[in-house]
Amino acid sequence: MSGVMKRMGMIFRAKANKALDRAEDPRETLDYSYQKQLELLQKVRRGVADVATSRKRLELQMNQLQSQSTKLEDQGRKALALGREDLAREALSRRAALTQQVTDLETQHATLQGEEEKLTLAAQRLQAKVDAFRTKKETIKATYTAAQAQTRIGEAFSGISEEMGDVGLAIQRAEDKTAQLQARAGAIDELLASGALDDQSGMHKDDIQAELDRLSGGTDVELELQRMKAELAGGSSGQQAIEGGTSQQQSQQQSQDTPRFDKQ
């Protein structure tokens with residue numbers, strides 16, 4: 001059972017890796033990496049600004065302490081001039097405490113200044129790296145886009161792309177169906193001509209039947225023509241016979257009507 005689960009897990013990871021590889025677009029990955037670098041550069045710049053702000057605040061505090069130290073020194077001199085040695089001593093004591101604070105602030109200021117310089121240098125280096133990555137990113141994207149377009153054009157010309165493959169299959173199916181219909185029509189014509197199939201409509205005739213019908217039609221015309229000639233010939237003879245008989249009867253009638261004189 002454990003082996004089956006491991007195998008299923010491996011198959012699932014392989015399928016997922018293949019699907020992710022198919023869905024991954026290098027241009028989108030490069031843009032995402034560039035965005036992350038910009039965010040990191042922004043954080044470094046914000047850190048430089050924060051350190052610079054802290055350094056500036058320390059400088060203001062040191063200036064205030066130095067002003068107070070100078071003021072206490074003047075007050076101590078005036079008190080000593082007035083014979084108030086106790087006040088002069090107190091003023092000098094406070095001035096000494098301020099001086100210690102100024103020294104501590106100077107140490108912090110030097111530390112912050114060093115950190116600021118480091119962050120500024122890091123920001124400059126990161127900026128240069130981001131600029132170089134941006135140039136390289138755009139170059140890679142342009143090269144990838146050109147290669148992708150060239151590949152699609154090559155696939156279109158070779159007919160192996162999905163779009164052109166569908167068109168090619170449609171054309172092939174249309175040609176196959178056309179050839180099949182042409183072959184079927186030719187086969188039916190041959191079967192009808194050979195008499196293997198009967199023409200139920202009576203419209204189709206083969207070459208032999210057409211020739212026989214033509215000869216038969218021609219014979220019928222000749223026979224009809226001969227019959228008409230015979231009728232015409234018979235009609236002329238009868239008319240002549242009738243006309244001849246009429247002439248003889250008229251002659252006989254005339255002979256009868258003419259008076260005869262007997263010889264004495």
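## Close-ups of helices, salt bridges and a surface patch

**R95 is partly exposed, at 28% relative accessibility.** The model is predicted. The side chain of R95 forms a salt bridge with that of E73, with 3.3 Å from N to O. R95 belongs to helix α3 and E73 to helix α2, so this pair ties together parts 22 residues apart in sequence. Helix α3 spans residues 85-158. E73 has 22% relative accessibility and so counts as partly exposed. That value sits just above the cut-off, because buried means under 20%.

**E59 and R55 pair within helix α2.** Their side chains meet in a salt bridge, 2.9 Å from N to O. Four residues separate the two positions, about one turn of the helix. Helix α2 covers residues 26-81. Is R55 buried or exposed? R55 is buried, since its relative accessibility is 18% and the buried class lies under 20%.

**D74 and R77 form another bridge inside helix α2.** The N to O distance between these side chains is 4.0 Å. This bridge sits right at the limit, because a salt bridge needs the nitrogen within 4 Å of the carboxyl oxygen. The partners are three residues apart, about one turn of the helix. D74 is partly exposed, at 37% relative accessibility. R77 is exposed, at 53%. The exposed class begins over 50%, so R77 falls within it.

**D31, K137, E138 and K141 share a network.** Salt bridges link these residues. Side chains of opposite charge can pair when their charged atoms come close. How many salt bridges does a search of the whole structure find? The search finds 16.

**A79 lies buried in helix α2.** The relative accessibility of A79 is 8%, so this residue counts as buried. Which residues does A79 touch, leaving out those up to four places away in sequence? A79 touches R84, E85, L87 and A88. E90 is 11 residues from A79 in sequence. Their C-alpha atoms are 9.9 Å apart in space.

**V4, M5 and M8 make a nonpolar surface patch.** Together these residues have about 300 Å² of accessible area. M5 is located in helix α1, which runs over residues 2-23. The relative accessible area of M5 is 47%, so M5 counts as partly exposed. Patch members need over 30% relative accessible area, so M5 qualifies on this count.

**The whole chain is built on the pattern α-α-α-α-α.** The secondary structure consists of five helices and zero strands. The chain has 264 residues, of which 12% count as buried. R55 and A79 are among the buried residues. The accessible surface comes to about 21500 Å². Carbon and sulfur atoms supply 56% of that area. What share of the contacts with a separation of 6 or more joins residues 24 or more positions apart? The share is 77%.

Technical notes
Residues are numbered from 1 along each chain as its sequence is written. This is a predicted model: local features need pLDDT of at least 70, side-chain atom pairs count only at pLDDT 80 or more; totals for chains, interfaces and linings use all residues. Side-chain values use heavy atoms; hydrogens and water are left out. Buried means under 20% relative accessible area, exposed over 50%, partly exposed in between (1.4 Å probe, protein chains only). Patches are made of residues with over 30% relative accessible area and no salt bridge: like charges are joined within 9 Å, nonpolar side chains (Val, Leu, Ile, Met, Phe, Trp, Tyr) within 5 Å. Accessible areas come from the Shrake-Rupley method with a 1.4 Å probe; for residues, only the protein chains shown count as cover. Contact means heavy atoms within 4.5 Å.
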